[in-house]
Amino acid sequence: MPRKAGRSPEETRRALLDAAATVIRTRGVSASLDDIARAAGVSKGGLLYHFPAKDALVRTLAQDLLDTFRTEVQAALDPADTAPGRLTRAYVRASLDTSYDEVAVRETIALIAQLISIPEIADLARADAQRWDRELRDDGLPGDVVTLVIAAADGASTAPLWGAGIDVAAARKLEQQLLALTRTA
């Protein structure tokens, strides 16, 4: 299958990651490179040009998910907020962002569930979680407040997995309650 005209290498790489996400989410981690290449509209050789092995593609996909969330948290930082807990508040805002549709949230969670079954990806996620733990612990809030607030935000952000709809009003209320906890600590 020839390279699609007009698509840059970066766009092809993104198409491959998006296709890998869809195929792995629906078929599992045993999905073939042929399936992923076909879904991206490229040849298997084109896929291998960007990712020399399936492990590299899967690792990059997982890192992309982790990096995307980190970017969302950074974007949620309030430049006017200089008080202790600034990062924790951004984490809460990013975790409880209701601008995503429920299907997209469920699909992302399902993809993560597939990827985390791979030991190397579990190690990558564990290292990322440890980094978050260090950064949030250094955010100037008492450890028990950070633990409670982050656990609540993480738990609420996975509610769509179980078919619960995103209740925007309830999510906003929870967000305000968790943010308040970070200001009274």
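Me: In which helix is L48 found?

Reply: In this predicted model, L48 is found in helix α3, and, leaving aside neighbours within four places in sequence, L48 is in contact with L33 and A53.

Me: Why is L48 called partly exposed?

Reply: The relative accessibility of L48 is 33%, and since buried means under 20% and exposed means over 50%, with partly exposed in between, L48 counts as partly exposed.

Me: What does UniProt place at residues 32–51, and what is the helix content of the chain there?

Reply: The unreviewed UniProt entry places the feature "DNA-binding region" at residues 32–51, an annotation that may be inferred rather than shown by experiment. Over residues 32–51 the model is 75% helix and 0% strand, with the end C-alpha atoms 13 Å apart.

Me: Which UniProt annotation covers residues 10–69?

Reply: The annotation, again from an unreviewed entry, reads "domain: HTH tetR-type". Over residues 10–69 the chain is 82% helix and 0% strand, and the C-alpha atoms at the two ends of that stretch are 20 Å apart.

Me: Which residues of helix α2 are buried, and what covers them?

Reply: In helix α2, which runs over residues 33–40, the buried residues are L33, D35, I36, A37 and A40. What covers these buried residues includes α1 (9–27), α3 (44–50) and α4 (54–75). Just after α2, G41 takes a positive phi of about 75°.

Me: How many helices and strands does the protein have, and what share of its residues is buried?

Reply: The protein has nine helices and zero strands, and read along the sequence it follows the pattern α-α-α-α-α-α-α-α-α. Buried residues make up 36% of the 185 residues, and the C-alpha trace spans about 60 × 35 × 30 Å along its principal axes. Among contacts between residues at least 6 apart in sequence, 74% join residues at least 24 apart.

Me: Why are helices α5 and α9 called roughly antiparallel?

Reply: The axes of α5 (residues 86–95) and α9 (residues 168–183) come within 10 Å and cross at roughly 175°. Angles over 145 degrees count as roughly antiparallel, and α5 and α9 are therefore roughly antiparallel to each other.

Me: Which residues make the contact of α5 with α9, and what classes do they belong to?

Reply: On the side of α5 the contact is made by T88, R89, V92 and R93, and on the side of α9 by E175, L178, L179, T182 and R183. By class, this contact has three nonpolar, two polar and four charged residues.

Me: What makes R89 count as buried?

Reply: R89, whose place is in helix α5, has a relative accessibility of 1%, and because buried means under 20%, R89 counts as buried. Leaving aside neighbours within four places in sequence, R89 is in contact with D81, A83, P84, L179, T182 and R183.

Me: Which backbone oxygen does the side chain of R89 reach?

Reply: The side chain of R89 reaches the backbone oxygen of A83 at 3.1 Å, a value to be set against the limit for a polar contact, which is a pair of N or O atoms within 3.5 Å.

Me: How do you know that Y91 is buried?

Reply: Y91 lies in helix α5, and at 7% relative accessibility, set against the limit of under 20%, Y91 counts as buried. Not counting residues up to four places away in sequence, Y91 touches F69, V73, W132, L136, I150 and D154. The C-alpha atoms of Y91 and E72, which are 19 residues apart along the chain, are separated by 8.3 Å.

Me: What makes W132 buried, and which residues does W132 touch?

Reply: W132 is found in helix α7 (residues 119–137). The relative accessible area of W132 is 6%, and because the limit for buried is under 20%, W132 is buried. Not counting residues up to four places away in sequence, W132 touches F69, R70, V73, L87 and Y91.

Me: How many residues apart in sequence are L48 and W132, and W132 and G163?

Reply: L48 and W132 are 84 residues apart in sequence and 32 Å apart in space, C-alpha to C-alpha. W132 and G163 are 31 residues apart in sequence and 27 Å apart in space, again C-alpha to C-alpha.

Definitions and conventions: Residues are numbered from 1 along each chain as its sequence is written. This is a predicted model: local features need pLDDT of at least 70, side-chain atom pairs count only at pLDDT 80 or more; totals for chains, interfaces and linings use all residues. Side-chain values use heavy atoms; hydrogens and water are left out. Axes are lines fitted to C-alpha atoms, for helices over the stretch in contact, and angles run from 0 to 180 degrees between N-to-C directions. Helices (H or I, at least four residues) and strands (E, at least two) are DSSP runs, numbered from the N terminus. Angles under 35 degrees count as roughly parallel, over 145 as roughly antiparallel, 65 to 115 as roughly perpendicular and the rest as oblique. Contact means heavy atoms within 4.5 Å. Ala, Val, Leu, Ile, Met, Phe, Trp, Tyr, Cys and Pro count as nonpolar, Asp, Glu, Lys and Arg as charged, and the others, Gly among them, as polar. Buried means under 20% relative accessible area, exposed over 50%, partly exposed in between (1.4 Å probe, protein chains only). A polar contact is a pair of N or O atoms within 3.5 Å; within protein, one must be able to donate a hydrogen and the other to accept it, and residues adjacent in sequence count only if both atoms are side-chain atoms.
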